[in-house]
Structure formats: C-alpha cells, structure tokens
Amino acid sequence: MGCDCRDKVRKTRKVKVGRFTIGGSSPVSVQSMCNTDTRDLKATVDQIRRLEDAGCEIIRVAVPDMEAALNLGRIKSAIAIPLVADIHFDWRLAVEAVKQGVDKVRINPGNIGEKDKVAEVVKACKSAGIPIRIGVNAGSLKALRENPQPRWEPYEWAKQMVKEALDEARTLERLNFRDIVVSLKADDIERTVMANTLFASKSDIPLHLGVTEAGSFLAGTVKSSIGIGLLLSQGIGDTVRVSLTEDPVMQVRAAYEILKSLGLRQYGPDLISCPTCGRCQVNVGKVVRELEDRIYSDRDLLKRSEGMKIAVMGCVVNGPGEARSADFGVAGGKGRGVWIEKGKQIKVVKESEWVNEVIRKIRNAK
Ligand code: SF4
C-alpha cells in the first residue's frame with residue numbers, strides 16, 4: 001500500500017483529511033462507506049476495524065439523524081483512520097458532526113438547503129480545519145426539482161452535474177473556504193466519465209471517483225473498473241470508492257485491484273492461479289480463496305507480501321512452467337504438490353498444507 005509516483009497526473013490542490021492528503025501528487029487513496037447503522041457503536045466500529053485491516057484509508061458513515069451524529073465522537077475515538085460524515089437534507093447534522101470531531105463532511109448540494117445553511121456548515125468546518133466534499137449525484141440534481149424527468153442526452157446531464165458542483169464550490173470559495181473535494185457520480189459509466197472529465201478541465205479541485213449504485217459484486221466491479229479506470233488512466237482522480245452491494249471490505253479490495261492494475265498503488269501480492277482443467281486433481285479455487293481471505297484481512301501479511309508474485313497451479317504438466325516467473329508457488333498433483341521457488345522445484349507439500357506454507361513464507365519475508 002506504499003506511495004507511488006504520480007508525476008503523470010493532473011495537478012490538483014492538496015486537501016488534508018486527517019493524516020491523509022487528497023490531491024497534489026499524493027497517491028490515490030482508497031475509501032469505503034459503512035453499511036451499519038451509525039447509531040450502533042459496536043457494529044460500526046467492528047466494521048471499520050475490519051476495513052482498516054483490509055487497507056481502507058478513509059471511512060464514511062451515514063448520518064441520518066441527530067442520534068447518529070451524536071455517536072460520531074465515540075466512533076472516531078475507537079478507530080485509526082479518518083472519519084467522514086455523510087449528510088443529506090439537514091445542515092444541523094453537519095454542524096454536530098464537526099463538533100464530534102469528524103475529519104471531513106460530505107454534503108449533497110441537491111438537498112442540503114439554501115446558501116445560508118451551507119454557510120453554517122462552512123463556518124463550522126473552517127473553524128475545525130476540516131474539508132468538505134461536495135458530492136453531486138446524477139439522480140439528485142437541483143435541476144431535477146423543477147424538471148424531474150428531463151430528456152437530456154448524457155452530455156447534457158454531465159454538464160448539469162458539473163454546473164451544480166462548480167456553483168457549490170464557488171459558494172464555498174466566496175466564503176474563503178478552499179478545502180474542497182468534489183465527486184460527480186452517476187450509475188452509468190458514460191455520464192460519470194463525461195462529468196469528471198469536464199470538471200477536471202475547469203477546476204483544480206481534487207476529485208473523488210466512483211460509479212454510484214454500481215450493482216452486485218461482479219457487475220458492479222466490472223462497471224466501476226471501467227469507469228474509474230478510464231478516468232485514472234487519463235490522470236483524473238485523487239481518491240476512489242467502489243460502490244458495491246457487498247461487504248465494504250470487498251469494495252476496498254476491488255478499489256485496490258483497480259489501482260494496482262493501473263500501476264498506481266501496490267496492494268498485497270500478485271496472486272496468479274490457473275483456471276483449472278480436466279488434468280487438475282486439487283482444489284485450486286479453495287486454496288486461492290483461503291489465501292486471499294488470510295492475506296487481505298491481515299495488515300502485516302498485506303505489507304510483507306507487497307510486490308510478491310505467488311503461483312497456485314492445478315497440475316505438474318503446465319504448472320511448474322507457468323509458475324516459473326513467480327517468486328514461489330505450488331503446482332498440484334493428487335492431494336499434494338511441488339513447491340517451486342524462483343523456478344526451482346524444492347519439495348513436495350500436502351494439499352492441506354499449501355495455504356499455511358504460503359503464509360509462513362510471506363511471514364518470514366524480510
Ligand atoms: S496448470 Fe494444469 S490444471 Fe491448471 S489449467 Fe494448466 S494444465 Fe490445467
């Protein structure tokens with residue numbers, strides 16, 4: 001999860017969120033959002049700790065009412081990563097969230113209220129020294145209040161999203177507040193990419209990327225990977241959240257896989273495994289799932305395995321050859337396999353011991 005060079009990207013202003021910096025030449029950070037009831041302290045803190053172990057760097061929680069807002073201080077004191085309060089409709093919840101010590105506030109200009117309400121939120125954030133994310137969603141634009149079913153082409157829709165984000169940003173800047181992050185999310189790739197590309201051409205405000213309500217694990221990951229990937233590959237985007245109807249830990253893992261595949265962040269090992277075929281007499285899928293579960297829920301293993309290439313192959317016909325490029329790995333036989341390090345066959349390991357053997361190897365790495 002180390003820092004990587006970001007010289008090639010669009011230069012954005014730096015915004016501090018707790019100990020992290022979003023924008024400038026900082027690495028693209030990974031965020032997630034809890035799906036617990038924020039009023040439930042134990043469930044929320046437990047989930048955030050699991051997310052921390054998986055590498056989540058900034059966590060957002062929903063603040064639907066004052067009881068949730070009043071719980072934020074206790075949540076904050078039990079976790080290590082910056083806490084973001086997600087506020088809709090009621091500016092007073094944002095002001096209370098700031099009092100509770102959150103590290104950032106996310107507001108939706110489409111529903112937070114008139115400019116004097118926004119000014120109250122800005123005043124509170126300014127005196128606490130914390131930033132605001134202006135989160136514009138295609139489905140809750142101000143313009144939809146007068147025209148709920150517009151016949152806009154995707155580009156018109158994107159232009160309206162950008163207009164509302166820039167209007168809101170100007171309102172904040174007129175109040176001498178510049179610690180702003182913007183997100184422009186739609187539930188499709190086309191409008192998300194258009195809106196973010198257009199915004200990036202007009203402002204140096206850092207962008208939080210995501211395709212909103214992306215869907216189930218598979219469909220949502222594919223959609224998010226393409227949408228977020230298209231933007232990041234143009235150098236647009238400073239922080240990401242992959243929205244999936246899934247355990248938020250999987251959102252974090254998906255986000256890192258996107259960043260890793262674009263060469264923007266490192267995250268755990270490069271775990272290669274074969275698709276299996278009729279020659280396979282071991283359970284490659286089970287081994288890979290167990291390995292992923294162990295590695296991606298343990299910060300020490302994640303760190304130690306960073307950059308390692310580990311192979312799990314189904315047979316000794318093609319396995320050893322295909323595992324040659326890996327640092328180490330195993331190629332199956334029947335209930336056992338050949339342990340390979342840097343292309344050399346070292347020993348035979350029982351299938352039931354493969355996972356432990358890989359974990360031991362990672363733990364012993366310097
Ligand atoms: S490594 Fe062996 S089991 Fe796996 S796909 Fe190749 S031939 Fe089939």
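**Note on the predicted two-domain model**

1. The protein chain is divided into domain 1, residues 15-261, and domain 2, residues 270-363. The model is predicted. Between the C-alpha centres of the two domains there is a distance of 38 Å. Where the domains meet, six residues of domain 1 are in contact with seven residues of domain 2.

2. Eight strands close into a barrel, in the order E3-E4-E5-E6-E7-E8-E9-E10, and the pairing is parallel. The next two points follow part of this order, from E4 to E7.

3. Strand E5 covers residues 83-87, and because five of its five residues are buried, the strand is largely enclosed by the rest of the structure. Leu83, Ala85 and Ile87 point one way from E5, while Val84 and Asp86 point the other way; all are buried. One neighbour of E5 is strand E4 (residues 58-62), which runs parallel to E5 and is joined to it by four bridges. In that pairing, Ala62 has Asp86 of E5 as its bridge partner.

4. E5 also pairs with E6, again in the parallel sense and over four bridges. Asp86 takes part here too: its bridge partner in E6 is Arg106. Strand E6 (residues 104-107) in turn pairs with strand E7 (residues 132-137) over three bridges, in the parallel sense. Val105 has Ile132 as its bridge partner in E7.

5. The largest nonpolar core has 101 residues, and Ile87, Val105 and Leu184 have the most contacts inside it. Helix H7, residues 154-174, supplies the largest share of this core, with eight residues. The core draws at least three residues from each of domain 1 and domain 2. Two of the residues with the most contacts have already been met: Ile87 in E5 and Val105 as the bridge partner of Ile132.

6. Leu184 can be described by what it touches. Leaving out residues up to four places away in sequence, its contacts are Val136, Met161, Val162, Ala165, Thr192, Ala195, Asn196, Phe199, Leu207, His208 and Gly210. There is also a second, separate core of eight residues, which includes Cys274, Ala311, Met313 and Ile340.

7. Two helix residues can be set side by side. Thr221 lies in helix H9, residues 217-233, and its relative accessibility is 19%, so it counts as buried; the cut-off for buried is under 20%. Apart from neighbours within four places in sequence, Thr221 is in contact with Ser216, Leu244 and Ala254. Lys123 lies in helix H5, residues 115-128, and counts as exposed because its relative accessibility is 56%; the cut-off for exposed is over 50%. From Lys123 to Val288 the C-alpha distance is 51 Å, with their positions 165 residues apart in sequence.

8. In strand E13 (residues 328-332), five of the five residues are buried. Both faces are covered: Phe328, Val330 and Gly332 are on one side, with Gly329 and Ala331 on the other. Strand E12 (residues 309-313) runs parallel to E13 and is joined to it by four bridges. Ala311, which is included in the second core, has Gly329 of E13 as its bridge partner.

9. E13 and strand E14 (residues 336-341) pair in the antiparallel sense over five bridges. Gly332 has Gly337 as its bridge partner in E14. These two strands form a hairpin with three residues between them, and Gly335 in the turn has a positive phi of about 70 degrees.

10. Trp339 is found in strand E14 and is buried, with a relative accessible area of 1%. Setting aside neighbours within four places in sequence, its contacts include Phe328, Gly329 and Val330, which are residues of E13. Among the others are Lys344, Gln345, Ile346, Lys347, Val349, Glu357, Val358 and Lys361. The C-alpha atoms of Trp339 and Met161 are separated by 54 Å, and the two residues are 178 residues apart along the chain.

11. Which residues are the closest to the ligand? Nine residues surround the ligand, and the closest are Cys274, Cys277, Arg279, Cys315 and Asn318. By class, this shell has four nonpolar, four polar and one charged residues. Cys274 is also included in the second core.

Conventions. Residues are numbered from 1 along each chain as its sequence is written. This is a predicted model: local features need pLDDT of at least 70, side-chain atom pairs count only at pLDDT 80 or more; totals for chains, interfaces and linings use all residues. Side-chain values use heavy atoms; hydrogens and water are left out. A nonpolar core is a set of buried Ala, Val, Leu, Ile, Met, Phe, Trp, Tyr and Cys residues joined through side-chain atoms within 4.5 Å. Buried means under 20% relative accessible area, exposed over 50%, partly exposed in between (1.4 Å probe, protein chains only). Domain bounds come from an automatic or database domain assignment. Contact means heavy atoms within 4.5 Å. A residue is near a molecule or strand if one of its heavy atoms lies within 4 Å of it. Ala, Val, Leu, Ile, Met, Phe, Trp, Tyr, Cys and Pro count as nonpolar, Asp, Glu, Lys and Arg as charged, and the others, Gly among them, as polar. Two strands pair if DSSP finds at least two bridges between them.
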